Amino acid sequence: GFHVIPSVSSIVPESCLLIVVGLLVGGLIKGVGEEPPILKSNIFFLFLLPPIILDAGYFLPLRQFTENLGTILIFAVVGTLWNAFFLGGLMYAVCQLSGPSLNHIGLLANLLFGSIISAVDPVAVLAVFEEIHINELLPILLSPALPSPPQVLYHLFEEFANFEQVTIIDIILGFLSFFVVSLGGVFVGVIYGVIAAFTSRFTSHIRVIEPLFVFLYSYMAYLSAELFHLSGIMALIASGVVMRPYVEANISHKSHTTIKYFLKMWSSVSETLIFIFLGVSTVAGHHYWNWTFVISTLLFCLIARVLGVLVLTWFINKFRIVKLTPKDQFIIAYGGLRGAIAFSLGYLLDYKHFGMRDMFLTAIITVIFFTVFVGPCPAGAAPKGAQAANPLGFLFQFLDHLLTGIEDICGHYGHHHWKDKLNRFNKKYVKKCLIAGERSKEPQLIAFYHKMEMKQEMELVESGGIG
């Protein structure tokens with residue numbers, strides 16, 4: 001009904017309706033005297049989240065991502081630290097001023113709560129932003145990598161809860177682990193991405209299993225990173241980004257089509273289940289409502305997000321050629337949609353160390369519902385941008401070479417110079433190892449032609465032009 005009736009989809013995003021369906025299903029199950037199922041954290045992190053992150057990472061627009069990498073990292077790392085400590089500090093102050101009902105909640109518990117509630121959910125962001133068709137740059141800035149820093153902070157504060165006393169050395173080591181976990185996840189992902197690309201060299205006689213290698217190695221990267229307590233999200237994104245250009249050069253058109261549509265279907269099913277289970281789990285969970293704590297959380301979440309985006313964008317725009325406009329800043333600030341990641345992290349809390357777990361979960365659910373239901377409405381007023389890939393890709397490559405030559409003449413080695421060096425190294429050594437046959441030696445113009453040819457064929461299939 002949602003997809004058949006255009007007037008419904010233009011007013012309410014699908015994610016909102018799925019949560020409502022989950023609430024109704026949970027209410028019906030409870031009404032007949034049964035206990036509704038709860039979205040278990042291990043099921044979410046092991047089975048439902050990986051397909052969504054892999055879909056976003058594998059089809060990540062690499063040029064836009066690399067050109068905006070500095071902006072993404074500032075929003076992901078500095079923005080996360082700001083949100084977690086600003087919100088955690090203010091909530092600690094609220095607890096201390098609220099009397100006996102809340103003043104037993106310590107600073108560490110509030111900082112942990114701040115790290116949970118600062119976890120922007122890629123499921124909600126990608127689902128809502130895809131439906132309202134905003135400027136294609138903004139979902140890249142709200143990258144799928146954003147949940148990784150809050151998860152690292154969460155595990156750090158959770159570990160501190162087991163200590164009798166937290167020393168300065170513990171804090172320093174904790175902040176070092178913040179970067180080690182993220183970079184370690186990237187390293188694991190790159191290794192598996194290279195192995196997947198190398199394996200795809202030898203599949204020319206068994207085309208039917210080509211898509212399997214993409215899914216298998218990506219999931220192994222995620223599990224391996226999580227096994228060593230590194231960032232599985234970063235590992236998935238890194239493996240998808242690294243393997244895609246080499247795998248696409250080795251596999252057949254049919255395998256490429258299979259990978260694309262299977263990943264889209266897989267991630268879509270996961271999104272649907274996540275949003276429905278969020279609604280069901282809301283009905284099934286144990287709640288403890290405290291007006292002061294819940295309203296303060298909601299208010300400070302909005303304040304922290306807006307202040308963080310304004311300050312960081314003011315700093316970022318000093319170094320960007322294409323500035324982020326006030327409208328872009330508004331969408332980024334309102335794009336801080338919370339969802340199943342925040343809920344699952346809250347559900348993992350141990351009653352032994354966090355006696356107010358139920359109150360934390362109630363506040364988290366309130367913030368999730370507010371951001372998912374209210375957040376998309378102003379964002380829907382944003383200017384609609386084209387979602388298709390830019391057809392001027394070859395012109396951009398020409399400009400890259402031109403600017404590299406200008407930098408060499410001027411004696412100024414900017415990012416175009418180093419990008420050209422990396423491309424030359426890739427063509428001279430890496431492609432020969434990871435791409436089979438003549439495709440490893442073909443000029444950039446021919447490679448670009450093959451890429452555009454594949455894209456046009458897939459567009460024809462989608463439009464029904466080919467039977």
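Biologist: How many helices and how many strands are there in the protein?

Modeller: Let's start with the terms: helices (H or I, at least four residues) and strands (E, at least two) are DSSP runs, numbered from the N terminus. By that reckoning, the protein has 21 helices and 0 strands.

Biologist: What kind of model is this, and from which number are residues counted along each chain?

Modeller: It is a predicted model, in which local features need pLDDT of at least 70 and side-chain atom pairs count only at pLDDT 80 or more, while totals for chains, interfaces and linings use all residues. Side-chain values use heavy atoms, with hydrogens and water left out, and residues along each chain, as its sequence is written, are numbered from 1.

Biologist: What percentage of the 467 residues is buried?

Modeller: Buried means under 20% relative accessible area, exposed over 50%, and partly exposed in between (1.4 Å probe, protein chains only). Of the 467 residues in the protein, the buried share is 48%.

Biologist: Of the contacts with a separation of 6 or more, what share joins residues 24 or more positions apart?

Modeller: A contact means heavy atoms within 4.5 Å. Among contacts with a separation of 6 or more, the share from residues 24 or more positions apart is 82%.

Biologist: Let's look at helix 5. Where is the kink in it centred?

Modeller: Helix 5 covers residues 69–97, 29 residues in total, and its first and last C-alpha atoms are 41 Å apart, close to the expected 42 Å. That expected span is 1.5 Å times one less than the number of residues. The bend at a residue is the angle between axes fitted to the seven residues ending there and the seven starting there. The kink in helix 5 is about 30°, centred on Gly79.

Biologist: Are helix 5 and helix 6 roughly parallel, roughly antiparallel, roughly perpendicular or oblique to each other?

Modeller: Axes are lines fitted to C-alpha atoms, for helices over the stretch in contact, and angles run from 0 to 180 degrees between N-to-C directions. Helix 5 and helix 6 (residues 107–117) have axes 7 Å apart and pack at about 135°. Angles under 35 degrees count as roughly parallel, over 145 as roughly antiparallel, 65 to 115 as roughly perpendicular and the rest as oblique. Helix 5 and helix 6 are therefore oblique.

Biologist: Is the crossing of helix 5 and helix 6 left-handed or right-handed?

Modeller: A crossing is left-handed if the near helix is turned anticlockwise from the far one by less than a right angle, and right-handed if clockwise. Residues that meet here include Leu87 and Met91 in helix 5 and Ile117 in helix 6. The crossing is right-handed.

Biologist: Is Thr297 buried or exposed?

Modeller: Thr297 sits in helix 14 (residues 291–316). Beyond four places away in sequence, Thr297 touches Leu87, Met91, Phe113, Ile117, Ala363 and Val367. With a relative accessible area of 0%, Thr297 is buried.

Biologist: And Trp314, is that buried or exposed?

Modeller: Trp314 also belongs to helix 14. Its relative accessible area is 57%, so Trp314 is exposed.

Biologist: How does helix 10 lie relative to helix 11, roughly parallel or roughly antiparallel?

Modeller: Helix 10 (residues 168–199) packs against helix 11 at about 160°, and their axes are 9 Å apart. Because of that angle, helix 10 and helix 11 are roughly antiparallel.

Biologist: Which residue in the loop between helix 11 and helix 12 is exposed, at 66% relative accessibility?

Modeller: Most residues other than glycine have a negative phi. The loop between helix 11 (210–227) and helix 12 (232–250) holds a residue that is not glycine, yet has a positive phi near 60°. At 66% relative accessibility, that exposed residue is His229.

Biologist: How far apart in space are the C-alpha atoms of Pro36 and Thr282?

Modeller: Pro36 is in the loop between helix 2 and helix 3 (41–58), and at 3% relative accessibility Pro36 is buried. Its contacts beyond four places in sequence are Gly26, Ile29, Lys30, Val280 and Ala284. Pro36 and Thr282 are 246 residues apart along the chain, but their C-alpha atoms are separated by 9.5 Å.

Biologist: Is Tyr288 buried, partly exposed or exposed?

Modeller: Tyr288 is in the loop between helix 13 (253–284) and helix 14. Setting aside neighbours within four places, Tyr288 contacts Met356, Asp358, Met359 and Thr362. With 41% relative accessibility, Tyr288 is partly exposed.
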